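Open the model in your viewer and keep the selection panel at hand. The tour below moves from one selection to the next.

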Amino acid sequence: DISTKNTSDKDEPMRKKYLFFDIDGTLATGLTTVMPESGARCLERLRANGHFTAIATGRLQASAAVVAQRYGFTHIVADGGYSLTLDGEVIEMQSLPVTDCVALLDRLERQRVPWAVTLENERVCLTADERYLAVAPSNYFPVTVDPAFDYRGMDKLYKVYIACTPENQGEIDLGGLPTVRYNQDVLFIEPVCKQRGIRRMLDVLGVPDEDVAVFGDGTNDVCMFGQGWLSVAMGNACAALKEKADYITTSVDQDGLW
């Protein structure tokens, strides 16, 4: 039980642990951001005993920060490992490769595939193609349609959203950019290297691998496992993650974190 002190030797100080949690399907049920009471109690217990708790998510930093505030997190690895928030302050945030993304949007335009982008650390999407509205997730960022928007003038961006099903995804040349499927209708271009952000945060803090644990459930969490950190897969995790896990707990809605 990493949440308690070693009571076998009362003179031995408690060793601080550094724990990184995915959000959807790990801290919270599905995409609801609703955390079970036992999960909130788990975090409270960990923090009371001096441990470091952080979010590790593919979400945009601004989106992750909303969840973080709700559940008392001040440390965040977001943007799939491309941004770091420490003690509530964004200390690093890197754009997707602009040249590659512009080339992708050029291809989407030629194929008449609707798309949208997020250009700032703000919970909004921008598109020049109003057809994207037909597939835009109702529970995601609001979409602004600007027919005059010239994506070739971008100097940074953090997300690209493509209107495509799994069946027609193979018809699109993604140019090697990393993808995460949001639902049946929309594919995201976003980083999938959470381990990169975690490693960077550990370097900043000077933390050894043996004091780190990571928790996840999805395919974009596979990168965190096998890094020399204790890896915990939720009972509802995908098979690929469970295969790499050091420990498999129960599902998020069956007191998995507790």
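Exposed here means over 50% relative accessible area, and buried means under 20%. Keep in mind that this is a predicted model.

**Stop 1: helix H1**

Select H1, which has 12 residues. Its first and last C-alpha atoms are 16 Å apart, close to the 16 Å expected at 1.5 Å a residue. Now colour Ser38, Gly39, Cys42, Leu43 and Leu46, the buried residues of H1. They sit on the same side of H1, because they cover an arc of only 145 degrees around the axis. Turn to the face away from that buried side: Glu37, Glu44 and Ala48 are the exposed residues there. Next, show what covers the buried residues of H1; E1 and strand E2 (52-56) are included. Then step past the helix to Gly50, which follows H1 and has a positive phi, near 90 degrees.

**Stop 2: the sheet**

Select the strands of the open sheet. How many strands does the sheet have, and in what order? There are 8, in the order E5-E4-E3-E2-E1-E12-E13-E14, and the pairing is mixed. Go to the edges: strand E5 (89-93) and strand E14 (247-248) each pair on one side only.

Zoom in on strand E3 (residues 76-78) and strand E4 (residues 83-86). They run antiparallel and are joined by 3 bridges. Label Ile76, which stands opposite Thr85 in E4. Add helix H2 (residues 61-70), which packs on the sheet and touches E2, E3, E4 and E5. The direction of H2 makes about 145 degrees with that of E3.

Stay on helix H2 and pick Ser63. Is Ser63 buried or exposed? Ser63 is buried, because its relative accessible area is 5%, under the 20% limit. Leaving aside neighbours within four places in sequence, Ser63 is in contact with Arg123 and Phe141.

**Stop 3: helix H4**

Select H4. This helix lies across E1, E2, E3, E4, E5 and E12, and runs at about 40 degrees to E4. H4 has 12 residues, so at 1.5 Å a residue it should span 16 Å; its end C-alpha atoms are 17 Å apart, which agrees. Colour Lys194, Gly197, Ile198, Met201 and Leu202, which are buried in H4. These buried residues fall within an arc of 135 degrees seen down the axis of H4, so they line one face of the helix. Among the elements that cover them are E1, E2, E3, E4 and E12.

**Stop 4: a buried salt bridge**

Show the side chain of Lys194. Which side chain does Lys194 meet in a salt bridge? The partner is Asp22, at 3.0 Å, N to O. This pair links distant parts of the chain: Lys194 is in helix H4, while Asp22 is in the loop between strand E1 (18-21) and helix H1 (37-48), 172 residues apart. Both Lys194 and Asp22 are buried.

**Stop 5: the loop after H4**

Move to Gly206, which follows H4 and has a positive phi, near 70 degrees. Select Val207 next, in the loop between helix H4 (194-205) and strand E12 (212-216). Val207 is buried, at 12% relative accessible area. Not counting residues up to four places away in sequence, Val207 touches Tyr18, Leu202 and Val212. Add Lys16: Val207 and Lys16 are 191 residues apart in sequence, and 9.7 Å apart in space, C-alpha to C-alpha.

Asp209 forms a salt bridge with Arg199, with the closest N and O atoms 2.6 Å apart. Asp209 is in the loop between H4 and E12 and Arg199 is in helix H4, 10 residues apart. Asp209 is partly exposed, with a relative accessible area of 25%. Arg199 is partly exposed too, at 28%.

**Stop 6: further salt bridges**

Select Asp106 and Arg152, whose side chains meet in a salt bridge (3.0 Å, N to O). Asp106 lies in helix H3 (residues 98-111) and Arg152 in the loop between strand E8 (143-145) and strand E9 (159-163), so the pair ties together parts that are 46 residues apart in sequence. Arg152 counts as exposed, at 52% relative accessibility.

Finally, select Arg15, Lys17, Glu210 and Asp211, which are linked in a network of salt bridges. The model's salt bridge count comes to 15.

Technical notes:
Residues are numbered from 1 along each chain as its sequence is written. This is a predicted model: local features need pLDDT of at least 70, side-chain atom pairs count only at pLDDT 80 or more; totals for chains, interfaces and linings use all residues. Side-chain values use heavy atoms; hydrogens and water are left out. Helices (H or I, at least four residues) and strands (E, at least two) are DSSP runs, numbered from the N terminus. Buried means under 20% relative accessible area, exposed over 50%, partly exposed in between (1.4 Å probe, protein chains only). Contact means heavy atoms within 4.5 Å. A salt bridge is a side-chain nitrogen of Lys or Arg within 4 Å of a carboxyl oxygen of Asp or Glu. The expected span of a helix is 1.5 Å times one less than its number of residues. The arc is that of the directions from the helix axis to the C-beta atoms. Two strands pair if DSSP finds at least two bridges between them. Axes are lines fitted to C-alpha atoms, for helices over the stretch in contact, and angles run from 0 to 180 degrees between N-to-C directions.
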